[in-house]
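Colleague: Hi! I am new to reading protein models, and I would love to go through one with you. Could you take my questions one by one?

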Amino acid sequence: MMYQLSNFSIKTFLSQHWQQRPCVFHGALRDFEDPLDEHDLAGLAQEAGIDSRVISEINGAWTVTEGPFTDFEPVCRDNWSLMVQGVDTHIESAASLMKAFNFIPHWRMDDLLVSFSQPGAGVGAHIDQYDVFIVQGKGCRRWQVGNKPTESSQHYPHPKLQQTDEFEPIIDVELQPGDVLYIPPGFPHKGQSITECLNYSIGFRAPDQTELFQVIADDLLDSNQSTRRFTDSNRAYIDRPGAMTTTDMISLKSLLHGYIDEPRIEQILIQHLSKQNECLDDFPLEHEFTHSDFMTMIQEGVTIQHACGVRPVYLDHQIDDEFTFFINGHQFSTHTSHRLATTQILDNHQTQLLFHCDMSHDWIELIRELINRGYLDILE
Ligand code: SIN
Ligand code: CO
C-alpha cells in the first residue's frame with residue numbers, strides 16, 4: 001500500500017503551518033485504508049520490547065497500564081484506548097504511511113504511534129513537545145486544538161499521564177478516515193472518539209541543547225580527545241582583579257565554539273540523530289547472502305527497499321573522498337564516486353539494482369552488508 005497526500009501543498013504547509021499553527025487537511029489521504037487493525041495492534045502490545053499502554057477513564061478517574069499484556073480483559077474497561085509506540089518498525093504498511101510525510105527529513109522523524117479507542121475514549125487535554133500529524137483511520141473522532149498558551153499548567157491525574165487544563169478550541173472537528181490533523185509543539189489538544197477508532201500519530205523530534213551537549217560531552221569522555229586550553233598572551237592590564245573582562249569571556253566562548261565547529265562534531269551529532277529504535281538491529285538475516293548469491297541476483301536485477309521503519313541519514317555537504325551515512329547510529333561509508341547511487345537507495349523507499357561495470361566490489365559488498373544486517377530488504 002502506497003500512501004500519498006493529495007490536495008496538500010508541501011510548500012504552503014512548510015511556510016504557513018509547520019512549527020507555526022495547527023491545521024486540518026480533510027481527505028488528504030484519499031480512499032484511506034488502515035495499514036493495520038486492532039488485532040494487529042493487540043498482537044504488538046503482547047510483545048516485550050514494544051512500548052504499549054492502555055489508558056482508561058471512568059468519571060474523571062484515569063488509569064494507565066503499561067504492556068506487554070497477556071490479558072486485555074482486566075484493563076480494557078470503561079472508556080479505554082490502547083496505544084502502541086514505534087509501530088513503523090514492526091508493520092510494513094504502517095512504515096509506508098509514515099513515508100507520506102517524508103517532506104520532513106528522516107532525522108526529524110520519531111515514530112508512529114497507533115491508538116485504538118472506544119467511543120467516548122481519549123487521553124484528555126494535553127500538550128506535546130513535538131510536532132505531530134494525526135491521521136484518522138477507521139471510525140470518527142472529535143479533535144479539539146487550542147491556542148498555544150503563554151503559560152501552561154500541567155497536572156497528573158495518574159503518575160504516567162500528563163494533562164493540561166481545558167482550553168478554548170481554535171479547531172473543533174470530527175475527523176473521518178483519511179483526514180489529517182497537524183499540531184505543532186505546545187498547542188493543547190484533545191481527541192475523543194465518537195465511534196470505535198484507529199488513529200495514527202506521525203511523531204517528530206527535535207533535540208534540545210541539553211541533549212546535544214550531552215552527546216558531545218559523552219563523546220569527549222569516551223574518546224579521550226585532547227582539547228585545547230585557554231590561552232591569554234598579550235593580556236591587557238586592568239586594575240580590578242575581581243573583574244573578568246569581555247575580551248576574556250569572548251575568548252572563553254570561542255574556545256567552546258571552536259570545539260563545536262570541528263568536523264568530527266558533525267559526525268558525532270548526525271550519528272546520534274540517526275538513532276531510532278533498538279528493535280531495528282534485531283533482524284539480521286538468518287541466512288546471509290554470500291557475495292556470489294548477491295552477484296547472481298543483481299546481474300538479473302532486483303528491487304531493494306528500506307526494511308520496516310529504517311530511516312537512513314547522511315550529511316548533505318561532504319568533501320572527503322569517502323561518503324558517509326548512518327543507520328540507527330551505525331556508520332557506513334563508500335567512495336564518493338558512489339554517492340549518487342548510494343543516496344538513491346538512502347532517500348528512496350525502493351530502488352532497482354542492476355549490475356553495472358561502474359559498481360565497485362566494495363560498493364556491492366556494502367549493499368550486501370546492509371541487506372544482511374536487515375536494513376534493506378530484497379523484494380521477491
Ligand atoms: C491519541 O491517538 O489518542 C493520542 C494522540 C495524541 O494526542 O498525541
Ligand atoms: Co498529543
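**Cysteines, sheets and salt bridges**

Colleague: How many disulfides does the structure hold?

Modeller: A disulfide needs two cysteine sulfur atoms within 2.5 Å. This is a predicted model, and its count of disulfides is zero.

Colleague: Which cysteine has the sulfur nearest to that of Cys 23, and how far away is it?

Modeller: Cys 23 has a relative accessibility of 16%, so it counts as buried. Cys 23 takes part in no disulfide; the nearest cysteine sulfur belongs to Cys 140, at 18 Å.

Colleague: Why is Cys 76 not bonded to the closest cysteine sulfur?

Modeller: Cys 76 is also a buried residue, with 19% relative accessibility. Its closest cysteine sulfur is in Cys 197, and that is too far for a bond because the distance is 15 Å.

Colleague: Let's turn to the sheets. In the open sheet of eight strands, which strands stand at the edges?

Modeller: The order is 1-11-6-13-5-4-2-3, and the pairing is antiparallel. A strand at an edge has a single partner, so one of its sides is left without a neighbour in the sheet. That describes strand 1 (23-25) and strand 3 (61-66).

Colleague: Which residue of strand 5 is the bridge partner of Met 83?

Modeller: Strand 4 (residues 79-84) and strand 5 (residues 109-117) are antiparallel and share four bridges. Within strand 5, the partner of Met 83 is Ser 115.

Colleague: What angle does helix 3 make with strand 5?

Modeller: Helix 3 (residues 92-99) packs on this sheet, where it touches strand 5 and strand 13 (197-204). Its direction and that of strand 5 are at about 120°.

Colleague: What is the strand order of the open sheet of three strands, and by how much are its neighbouring strands turned on average?

Modeller: This antiparallel sheet has the order 18-14-19. Strand 18 (350-353) and strand 19 (376-379) each have a single partner strand, so they stand at the edges. With direction ignored, the average turn between neighbouring strands is 30°.

Colleague: At what angle to strand 19 does helix 9 run?

Modeller: Helix 9 (residues 361-372) lies across strand 14, strand 18 and strand 19. Relative to strand 19, helix 9 runs at about 95°.

Colleague: Now for charged side chains. Which residue meets Lys 190 in a salt bridge?

Modeller: Side chains of opposite charge can pair when their charged atoms come close. Lys 190 is in strand 12 (residues 189-193), while its partner, 24 residues apart, is in the loop between strand 9 (161-164) and strand 10 (169-175). Lys 190 is buried at 19% relative accessible area, whereas the partner is exposed at 59%. The N to O distance is 3.5 Å, and the partner is Glu 166.

Colleague: Which residues are linked with Arg 235 in a network of salt bridges?

Modeller: Arg 235 pairs with Asp 232, with their closest N and O atoms 2.8 Å apart. Arg 235 also meets Asp 248, at 2.9 Å from N to O. Asp 248 lies in helix 5 and Arg 235 in the loop between helix 4 and helix 5, so this pair ties together parts 13 residues apart in sequence. The residues linked with Arg 235 are therefore Asp 232 and Asp 248.

Colleague: Is Asp 248 buried or exposed?

Modeller: Residues under 20% relative accessible area count as buried. Asp 248 has 13% relative accessibility, so Asp 248 is buried.

Methods. Residues are numbered from 1 along each chain as its sequence is written. Chains are lettered from A and ligands numbered from 1 in the order in which they are written. This is a predicted model: local features need pLDDT of at least 70, side-chain atom pairs count only at pLDDT 80 or more; totals for chains, interfaces and linings use all residues. Side-chain values use heavy atoms; hydrogens and water are left out. Two strands pair if DSSP finds at least two bridges between them. Helices (H or I, at least four residues) and strands (E, at least two) are DSSP runs, numbered from the N terminus. Contact means heavy atoms within 4.5 Å. Axes are lines fitted to C-alpha atoms, for helices over the stretch in contact, and angles run from 0 to 180 degrees between N-to-C directions. Buried means under 20% relative accessible area, exposed over 50%, partly exposed in between (1.4 Å probe, protein chains only). A salt bridge is a side-chain nitrogen of Lys or Arg within 4 Å of a carboxyl oxygen of Asp or Glu.
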